[in-house]
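Please look over the model shown here, and then work through the questions and answers that follow.

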Amino acid sequence: SALRRAAPVPPPLPTEADAVAAALEIYQQLAATGDARAAELAGHMFALGEKLYGDAVQRDPVKAAQLLSQAAKAGRPVAAHLLGHVNVASAAPVGK
């Protein structure tokens with residue numbers, strides 16, 4: 001009888017936190033190239049941090065303000081709105 005090989009074990013699926021962290025990394029890389037939409041998304045993620053994204057994103061109002069400012073200067077109205085909240089209440093997450 002032929003020997004049966006065990007099927008290879010697939011790698012574990014990424015967790016939601018892994019996916020969020022990967023998305024943030026991509027948005028930051030794109031923002032660094034001048035992509036306003038990516039800057040807006042990354043800024044939003046840093047503005048909300050743990051409140052929305054759990055352990056995947058640590059809230060950072062300074063990074064949020066930098067990225068949202070970049071996006072607002074490029075004409076992204078949502079970024080301009082969010083930037084107002086981050087600047088006014090830098091000690092509290094947006095939406096709180």
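**Helix 2 and its surroundings**

Q: What distance separates the end C-alpha atoms of helix 2, and what span should its 13 residues have?
A: The expected span is 1.5 Å times one less than the number of residues, and helices here are DSSP runs (H or I, at least four residues; strands are E, at least two), numbered from the N terminus. On that basis the 13 residues of helix 2 should span 18 Å, which agrees with the distance between the end C-alpha atoms, namely 18 Å.

Q: On what kind of model do these values rest?
A: Residues are numbered from 1 along each chain as its sequence is written, and side-chain values use heavy atoms, with hydrogens and water left out. Local features need pLDDT of at least 70, side-chain atom pairs count only at pLDDT 80 or more, and totals for chains, interfaces and linings use all residues, since this is a predicted model.

Q: How many helices and strands does the protein chain have?
A: From the N terminus on, the elements run α-α-α-α-α. The count for the protein chain is therefore, with helices and strands taken as DSSP runs, five helices and zero strands.

Q: Is helix 2 largely enclosed or largely open, and how many of its 13 residues are buried?
A: Buried means under 20% relative accessible area, exposed over 50%, and partly exposed in between, with a 1.4 Å probe and protein chains only. The buried residues of helix 2 include Ala-36, Gly-43, Met-45 and Phe-46, and also Glu-40. Helix 2 is largely enclosed by the rest of the structure, because the number of its residues that are buried is ten.

Q: Which residue caps the N-terminal end of helix 2?
A: At the other boundary, helix 2 is followed by Gly-49, whose phi is positive, near 50°. At the N-terminal end, a side-chain oxygen lies 3.1 Å from the backbone nitrogen of Arg-37, and the capping residue that supplies this oxygen is Asp-35.

Q: Which residue forms a salt bridge with Glu-40 from within helix 2?
A: A salt bridge is a side-chain nitrogen of Lys or Arg within 4 Å of a carboxyl oxygen of Asp or Glu, and the structure holds two. Glu-40 counts as buried at 4% relative accessibility, whereas its partner within the helix counts as partly exposed at 40%. The two lie three residues apart, about one turn of the helix, and with the closest N and O atoms 2.7 Å apart the partner is Arg-37.

Q: How many residues apart in sequence are the parts that Arg-76 and Glu-40 tie together?
A: Arg-76, partly exposed at 27% relative accessibility, forms a salt bridge with Glu-40 in which the closest N and O atoms are 3.0 Å apart. Because Arg-76 lies in the loop between helix 4 and helix 5 and Glu-40 in helix 2, the separation of the parts tied together is 36 residues.

Q: Which residues do salt bridges that share partners join into one network?
A: Glu-40 forms a salt bridge with Arg-37, and Arg-76 forms one with Glu-40. The single network thus joined consists of Arg-37, Glu-40 and Arg-76.

Q: Which helices each supply at least two residues of the largest nonpolar core?
A: A nonpolar core is a set of buried Ala, Val, Leu, Ile, Met, Phe, Trp, Tyr and Cys residues joined through side-chain atoms within 4.5 Å. Of the 19 residues in the largest one, those touching the most other members include Leu-24, Phe-46 and Leu-68. The helices that each supply at least two of this core's residues are helix 1, helix 2, helix 4 and helix 5.

Technical notes
Polar contact = N/O pair within 3.5 Å; in protein donor to acceptor, adjacent residues only side chain to side chain.
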